[in-house]
Amino acid sequence: MPADAAVLRRLYVTMLRIRLFEERVAQLVEAGEIRCPCHLCIGQEAIAAGVCAALATTDYVWGGHRSHGHYIAKGGELPALMAELYGRETGCAGGRGGSMHLIAPEVGILGTVPLVAATIPLAVGTALASKLRRDQRISVSFFGDGATEEGHFHESLNLAALYRLPVIFVCENNFYASHMGLLERRAVDQLEQAGHVHGVSSWRVDGNAADLMYDGAMAAVARARAGEGPTLLVCDTYRWRGHVGPSWDEDVGVKRKDELHAWLDQDPIAALGRRLAALGIPDEELAREKTLVRTEIESSVQFARESPRPDPKGVASHVFGLAKHAP
Amino acid sequence: MPPEIRSLTYAQAIREAFAQLLASDPRVFVIGQGLWSPWYAGTSLQGIDKEFGRDRVLDSPVSENAVTGAAVGAALAGMRPIVFHPRMDFMLLAVDPIVNQAANWAYMFAGRTSVPIVIRAVINRGGEQAAQHSQALQAMFTHVPGLKVVMPSTPHDAKGLLVAAVNDGNPVLYIDDRWLYEEVGDVPTAEYAVEIGTAAVRRSGGQVTIVATSFMAPQATRAATALEADGIDAEVIDLRSIKPWDRACVVESVHKTRRLVVADAAWRTCGVAAEIAATIATDCFDTLVAPVARVCLPDAPAPMSASLESAYYVGADDISAAAREVCSYRRWHGVSRPVR
């Protein structure tokens, strides 16, 4: 079923939460309050929002170094996220992870980590667990176009197709791996072909169109729940900011000004806002949503600032999990 | 009623542990290369796929990285996967999921979760298999925080340490050596665990401590018998668990014997023997009356030709020679040098 007005509005709020959260993070990084490396997904919000709206809370989501959006879209708590970026004990990873290591098991996020493509096989693993347990859960793996150059991306597609696993591979193709453009790294830019050769259904989606992302994800979810196996969604989008940190990258010559400005004109949030206006949702209502989100973000900043840093005595604790998992 | 204890080979004991774990815990599954093959795992997994079904015993594509990573993911989802690498050499293609992911996971997320995965790696050397089918890489993985490493040498421990590894709740690397598969020993019928981190004193003695890992443990016992004929009374400690290792047990023994030989059939430089030697040099500095000796492989890849293999591998004779040298060591005018 295509996204209706209620779904679109939900997507809009999710995207707004990601955008405003990250814009605030950018300021806090510039101000020196947040020091850990932060990879921002500003401009790419529609993918996380569209996909996660198609999932249940119990479904698994895996991410990488650029995963604030995935965490927020899947329902992770903002105070724990902000506190983690601040390196506080109250952070979602207890101040051991920072921006590149996020966790929210209560909503199916078992960890996002920065080794490129590393969580793709892990997503295959949670899907394998679901298949063995017949628990109907779906696993989603978010990764960038750079990850498609790793061998274990291809190994994972084959494994998922071979075992017909309920996993959705979501490639956020922002055309850059750090400073390297897509065609500087590969001879072929049709990333969805990777799925075809492994027998994984693969679709290319406009990653800046939240409604299309939602529709695509719903179709992939339906296939997965019906036992029809994995899907690869290649979602074209653009990273507005630099590879890491708040800069816009133009100054260092990584991004082309023309290209950036063309993509700025395709702002996924502005586009969805126009769509909602056309559906008769008044501007004031969207403005009110924005105010609510800003308030929520400020209270998460407050929470982070007031939280303690981890006790230095704990530097070597948690090397192993405490629980001896009883059989 | 079946007997409570009976004799099994090392390989049979491993198989029994797999079978009992698969039978008693629905979260346990096995994945890796060669699981449906009659020869990859020798008799240590024979027929296990037929007994428990191929959905729980998954012979995998040739994709060490993704397969091991998938097991890490399944473990995080609450399963108890055992990954099988029929050669430890092949496991190097899975270093990212083992070292970057599984080993770091609990710490990276402040203990909110852990990775209850067992990775079984087989050392399978000799037979002119050469450099890429023979490596004993325990030291590389012992170096990494967040990984436990066990190397059983007896049928009893082969079973008990596998059970302990699966129930541990953390990533455990379980390394077995094909040269041990025909060793015979007493094995209880019931499921039981051998505590990770505990060594076993295989022979009591007063003059020299021999600490040995895996295949070198029975070799050390044989060496001790030979040494007895020379009037040297050796104590033999089978380390069993490489990380954590039983420091207290070794320290106590060296305080008694005042001499130490460490035998680990792997490369010498930065090896397990080096770690034990360094620790004992610190903990027992005032006790030691001779330098610690190491019996290891030369710092060279495994060769092919049988003549080179016999020069390369170490065993009971090398251990007894090292023990004799350690026991004949004398200080001379405050300057350390051996007596001829």
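Two strands pair if DSSP finds at least two bridges between them. Helices (H or I, at least four residues) and strands (E, at least two) are DSSP runs, numbered from the N terminus. The model is predicted: local features need pLDDT of at least 70, side-chain atom pairs count only at pLDDT 80 or more, and totals for chains, interfaces and linings use all residues. Residues are numbered from 1 along each chain as its sequence is written, with chains lettered from A and ligands numbered from 1 in the order in which they are written.

**Exercise 1.** Describe strand 14 of chain B, its pairing and its burial.

Solution.
- Step 1. Locate the strand: residues 293-297 of chain B.
- Step 2. Find the pairing. Strand 13 (residues 260-267) of chain B runs parallel to strand 14 of chain B, and four bridges join them.
- Step 3. Pick one bridge: A263(B) has V295(B) as its partner in strand 14 of chain B.
- Step 4. Trace the connection. From strand 13 of chain B, the chain passes through helix 10 (residues 272-283) to strand 14 in a right-handed β-α-β crossover. Right-handed is defined thus: with the strands pointing away from the viewer, the path from the first strand over the helix to the second runs clockwise.
- Step 5. Check burial. Four of the five residues of strand 14 of chain B are buried (20 or more other C-beta atoms within 10 Å of a residue's own, C-beta atoms being placed from the backbone).

**Exercise 2.** Assess how compact chain B is.

Solution.
- Step 1. Count elements: chain B has twelve helices and 16 strands.
- Step 2. Apply the globule rule (2.2 Å times the number of residues to the power 0.38, with the radius of gyration taken over C-alpha atoms). For 340 residues the rule gives 20 Å, and the radius of gyration of chain B is close to that at 20 Å, so chain B is as compact as a globular protein of that length.
- Step 3. Add the burial: 56% of the 340 residues of chain B count as buried.

**Exercise 3.** Characterise where domain 1 of chain B touches domain 2 of chain B.

Solution.
- Step 1. Set the bounds, 5-188 for domain 1 and 200-328 for domain 2 of chain B; they come from an automatic or database domain assignment.
- Step 2. Count contacts (C-beta atoms, placed from the backbone, within 7 Å). In chain B, 25 residues of domain 1 meet 23 residues of domain 2.
- Step 3. Name contributors. Elements that each supply at least two residues of the domain 1 side include helix 7 (155-168) and strand 7 (172-177) of chain B.

How values were computed
Buried ≥ 20, exposed ≤ 12 C-beta atoms within 10 Å, placed from the backbone. Contact = placed C-beta atoms within 7 Å.
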